[in-house]
Amino acid sequence: PMLYQSPKFDVLCRLAPTLANACHFNNFDSAHAGTHPSLEAILFSTPITPLTLGDVGRKPIPWAIPKVVKDAGYQTLFVTSARSGWRDLNRVLAVQGFDEVVDANTLKAQYPDADLGIWGVWDSYVFKYLTKRLAAQPTDKPIFVFVLTSTNHPPYDLPEDYQRVPRDMGLWKGETTSDTLLLNLDSYHYAADQLGAFVQDLQSGPLKTNTVVAATGDHN
């Protein structure tokens, strides 16, 4: 959808202006055709999957990204809008170097108004929590945060207050046979907008000089 971003076909919202000052790599392919194997490829730098469901994932992987970062002196935090029990992540992430895991249940407890849907809470609660958490982070303790959002996912439900935007579908040159195309574009728009709002907050706040944000889609 990013290929067709324009004023008449908005799929990025608040993420769009942040790309002007970003290093944008648009010529790449995902490691796997699924969220979990892509997640493992990113965190564990291996095409072998699934690891979190077997004995290998329950033993420290020396080159696992969170472990390497933790050994370098960073505090490590995994935040997801989904439930961390999915694919046994809650049993594995600590072994692989994460000091703390915050998931849908944690966020629901902190924000009682959050709806707990099929895949977890809305992405907005992830970034709301993360903004507050980073602001309270001790200045002498660097932190590495890995975020996994889940709203942009079938059945493409969105918050009741989400404002849908009109799009000129004549500009869309992608797949058109899916009966969920419009809902998918809306959820993509929502997810990108939430990330963009977070980035904009960082860019205008006190953390802008010492924070790096990297983002990727996990699969097509």
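Helices and strands are DSSP runs, with at least four residues for a helix and at least two for a strand, and they are numbered from the N terminus. The model described here is a predicted one. By that definition, the chain has six helices and three strands. Read from the N terminus, the elements follow the order α-α-β-α-β-α-α-β-α. The radius of gyration of the chain is 18 Å, and the globule rule gives a close value, 17 Å, for 220 residues, so the chain is as compact as a globular protein of that length.

Some further values describe the chain as a whole. Along the principal axes, its C-alpha atoms fill a box of roughly 50 × 40 × 40 Å. Of the 220 residues, 40% are buried; a residue is called buried when its relative accessible area is under 20%. The chain exposes about 12600 Å², and 56% of this area is supplied by carbon and sulfur atoms. Contacts can also be sorted by how far apart the two residues are in sequence. Among contacts between residues at least 6 apart, 66% join residues at least 24 apart. As for charge, the chain has 18 positive and 23 negative charges, and the mean positions of these two groups are 5 Å apart.

Helix α1 is a good place to begin a closer look. How many of the ten residues of α1 are buried? The count is nine of the ten, so α1 is largely enclosed by the rest of the structure. The buried residues are Thr35, His36, Pro37, Ser38, Leu39, Glu40, Ala41, Leu43 and Phe44. Which elements are included in what covers them? The cover includes α2, β1 (75-80), α3 (89-92) and β3 (143-148).

The chain leaves α1 through Ser45, which comes just after the helix. Ser45 belongs to the loop between α1 and α2. Its phi is positive, about 55°, although Ser45 is not a glycine. Most residues other than glycine have a negative phi, and most peptide bonds are trans. Ser45 counts as partly exposed because its relative accessibility is 48%, and the range for that class ends at 50%.

Further along this loop, the peptide bond between Thr49 and Pro50 is cis, with omega of about 0°. Pro50 also lies in the loop between α1 and α2. Asp55 is another residue of that loop, which runs from α1 (35-44) to α2 (65-71). Asp55 counts as exposed because its relative accessibility is 59%, and the exposed class covers values over 50%. The C-alpha atoms of Asp55 and Thr131 are separated by 35 Å, and the two residues are 76 apart along the chain.

After the loop comes helix α2, where Lys70 is found. Lys70 is partly exposed, at 39% relative accessibility. Which residues does Lys70 contact, leaving aside its neighbours within four places in sequence? They are Thr76, Gly97 and Asp99. The C-alpha atoms of Lys70 and Thr52 are separated by 19 Å, with their positions 18 residues apart along the chain.

The loop between β3 and α6 (181-203) holds Pro155. The peptide bond from Pro154 to Pro155 is cis, with omega near 10°. Pro166 lies in the loop between β3 and α6 as well. Is Pro166 buried or exposed? Pro166 is exposed, because its relative accessible area is 75%. From Pro166 to His32, the C-alpha atoms are separated by 32 Å, and the two residues are 134 apart along the chain.

The cysteines come last. A disulfide is a covalent bond between the sulfur atoms of two cysteines. How many disulfides does the structure hold? It holds zero. Cys13 is found in the segment before α1. Its phi is near 50°, a positive value in a residue other than glycine. Cys13 is partly exposed, with a relative accessible area of 29%, whereas Cys23 counts as exposed, at 71% relative accessibility.

Note on methods: Residues are numbered from 1 along each chain as its sequence is written. This is a predicted model: local features need pLDDT of at least 70, side-chain atom pairs count only at pLDDT 80 or more; totals for chains, interfaces and linings use all residues. Side-chain values use heavy atoms; hydrogens and water are left out. A disulfide is a pair of cysteine sulfur atoms within 2.5 Å. Buried means under 20% relative accessible area, exposed over 50%, partly exposed in between (1.4 Å probe, protein chains only). The radius of gyration is taken over C-alpha atoms; the globule rule is 2.2 Å times the number of residues to the power 0.38. Contact means heavy atoms within 4.5 Å. Accessible areas come from the Shrake-Rupley method with a 1.4 Å probe; for residues, only the protein chains shown count as cover. Lys and Arg count as positive and Asp and Glu as negative; His and the chain ends are not counted. The place of a charge is taken as NZ of Lys, CZ of Arg, CG of Asp or CD of Glu.
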